[in-house]
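Please look through the sequence and the structure shown here before reading on. The briefing that follows takes up the chain as a whole, then some residues in its interior, and then its charged side chains.

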Amino acid sequence: MKGGSSVVYVCSECGREETKWMGRCPSCGSWNTFVEEKVVKESKDKTQAAMPIIDKTLKKLSEVKVDKAFRFSSGIDELDRVLGGGIMRPSSVLVGGEPGIGKSTIMLQMVSSAAEKGKVLYVSGEESPSQVKLRADRLKLNLEKINIFCDTRLEALVDVIEDLKPAVVVVDSLQTLSTSTVPSIAGSPNQMRACCYALSMLAKTNDIALFLIGHVTKEGTIAGPKIVEHLVDTVLYFESSDNGVRFLRAAKNRFGSVDEIGIFQMEEEGLKAVKDPSEFFISNRKENEMPCGIAYTAVVEGSRTFLVEIQALTIPAKSGFTRVYSDRVDTARVNRIAAILERHAGLHLSDQDIYVNIAGGMKINEVSIELAIALALWSARTGTVLPADLVSFGELSLAGEVRPVSFLEKRIKTSEEMGFKTHLSPSGQKVKGITPCRNIKQAIMIGRGISKDS
Ligand SMILES: [Zn+2]
């Protein structure tokens with residue numbers, strides 16, 4: 001087709017392009033997410049023209065002078081940690097999450113403390129200046145040094161940034177921005193890509209730490225942040241649990257690891273860091289108050305190790321077939337552990353519905369929690385209380401063996417600090433203070449032998 005009349009259909013969740021409309025995206029599996037987009041012919045030349053020349057001289061790698069990019073604290077420890085040790089300048093960071101999860105709140109808290117070190121600009125296309133002020137007042141923030149600009153035109157925003165020369169810019173949200181060079185509405189994939197690209201280039205050339213808020217929606221009416229992930233340096237996602245805890249994780253980070261996790265609680269005065277996750281994730285129980293179906297383990301998330309409580313419950317299945325309910329741990333893993341218990345510990349689970357939960361609502365993928373899940377299931381099914389000072393680590397093989405885990409010393413140190421005395425661990429690992437066990441049967445013997453209840 002000639003001219004600007006050709007169209008493509010773009011998945012607003014993942015950015016897949018198709019020549020015809022589809023009900024279900026073949027890439028990400030979302031339904032009704034394809035939106036019609038005009039093919040922007042001239043944009044190719046424009047992006048190439050806008051590409052900044054980083055260095056046009058040819059030299060030896062050894063002669064290259066390393067420019068220490070400027071890193072500074074955001075004033076929020078949990079955010080600094082997830083960013084890889086503070087905010088980089090220049091950099092572009094995408095902050096994604098569902099509406100209402102606290103993205104604007106944490107960004108306002110961040111600019112308020114970053115304003116002590118340099119000029120900051122908060123751009124809101126979602127709320128009016130007075131609404132932003134009310135929100136900032138509620139959070140009891142220092143408003144003195146925060147510049148606010150409420151416009152959704154990219155060109156106007158670029159002018160303001162070039163004029164103000166801020167060190168930190170927050171755009172709330174990327175989905176509200178639009179540029180006149182793209183003939184589609186704000187929030188469409190083309191607009192998101194064009195605005196994200198233009199702003200991240202501007203951040204690079206003007207030495208700005210840029211934060212772009214991107215909403216994640218289930219309806220697919222606006223494009224999700226996934227389609228611009230490749231255009232930014234760092235991608236952070238906010239998740240929430242049922243009890244109001246917020247987890248901030250990096251999905252991509254050019255300046256640090258993606259293993260770190262920030263844990264917050266939403267309070268009256270904004271998001272408060274959860275300083276000691278162990279105390280937060282473990283219920284405080286007195287002696288003899290330990291119920292059935294509870295086991296403890298320690299998880300390693302980035303640079304931190306903390307204890308979590310695994311809860312299990314089994315009840316006879318109401319219907320002919322059984323189910324596993326576990327939102328926080330992969331159900332396939334729970335099924336596998338149940339099969340191992342049935343085969344190698346003689347625990348009858350095949351007619352039971354199984355529930356597994358992690359107190360505090362955190363999702364955990366570590367293999368080291370398998371032994372604790374098995375013990376919690378055994379405790380729940382047999383009605384035997386595990387010792388309150390027992391903590392366990394280990395991966396389970398299909399043969400019922402307890403396999404070694406990484407960072408065993410770290411895990412033991414943290415559990416000792418929390419007052420745990422028996423550290424059930426794989427027998428192959430020679431670390432001081434462990435109670436070794438070779439297989440699941442032996443682990444259960446130890447759990448039963450020390451337990452106070454029958
Ligand atoms: Zn898709």
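A residue is called buried when its relative accessible area is under 20%, exposed when it is over 50%, and partly exposed in between. The model is a predicted one, and E162, at 41% relative accessibility, counts as partly exposed because this value falls in the range between those two cut-offs.

**The chain as a whole**

- The chain has eleven helices and 23 strands, and its C-alpha atoms fill a box of roughly 75 × 55 × 50 Å when the box is taken along the principal axes.
- Of the 454 residues in the chain, 51% are buried, while the accessible surface comes to about 22100 Å², with 52% of it belonging to carbon and sulfur atoms.
- Among the contacts with a separation of 6 or more, 66% are between residues that are 24 or more positions apart along the chain.

**Two residues in the interior**

- L341 lies in helix α8, which covers residues 331-344, and L341 counts as buried because its relative accessible area of 0% is under 20%.
- Not counting residues up to four places away in sequence, L341 touches G346, L347, L349, A374, L377, I440 and I444.
- The C-alpha atoms of L341 and G400 are separated by 7.7 Å, although the two residues are 59 residues apart along the chain.
- S379 lies in helix α9, made up of residues 370-382, and S379 is likewise buried, with a relative accessible area of 0%.
- When neighbours within four places in sequence are left aside, S379 is in contact with C292, G293, I294, T384, V385 and L386.

**A negative patch on the surface**

- E155, D159, E162 and D163 together form a negative surface patch.
- One of these residues, E162, lies in helix α5, which runs over residues 154-164.

**Salt bridges**

- The structure holds 18 salt bridges, including the one between E269 and K140, in which the closest N and O atoms are 3.3 Å apart.
- This pair links distant parts of the chain, since E269 is in the loop between β13 (261-267) and β14 (270-273) and K140 is in the loop between α4 (129-138) and β8 (146-149), 129 residues apart.
- E269 is partly exposed, with a relative accessible area of 35%, whereas K140 is exposed, with a relative accessible area of 61%.
- R153 forms a salt bridge with D151, and the closest N and O atoms of that pair are 2.7 Å apart.
- R153 is partly exposed at a relative accessible area of 49%, but D151, at 16% relative accessibility, counts as buried.
- The side chains of R333 and E370 also meet in a salt bridge, with a distance of 3.4 Å from N to O, and this pair links distant parts of the chain, with R333 in helix α8 and E370 in helix α9, 37 residues apart.
- Both partners count as buried, because the relative accessibility of R333 is 13% and that of E370 is 0%, and the cut-off for buried is under 20%.
- E78, R81 and R304 are linked in a network of salt bridges.

**Charges over the whole chain**

- The chain carries 58 positive and 56 negative charges, and the mean positions of these two sets are 4 Å apart.

How values were computed: Residues numbered from 1 in each chain as written. Predicted model: local features only at pLDDT ≥ 70, side-chain atom pairs only at ≥ 80, totals over all residues. Heavy atoms only, no water. Helix = DSSP H or I, 4+ residues; strand = E, 2+ residues; numbered from the N terminus. Buried < 20%, exposed > 50% of the residue type's maximum accessible area, 1.4 Å probe, protein only. Contact = heavy atoms within 4.5 Å. Patch = residues over 30% accessible without salt bridge, like charges linked within 9 Å, V, L, I, M, F, W, Y side chains within 5 Å. Areas by Shrake-Rupley, 256 points an atom, 1.4 Å probe, with all protein chains shown as cover. Salt bridge = Lys/Arg side-chain N within 4 Å of Asp/Glu carboxyl O. Lys, Arg positive; Asp, Glu negative; His and termini not counted. Charge placed at Lys NZ, Arg CZ, Asp CG, Glu CD.
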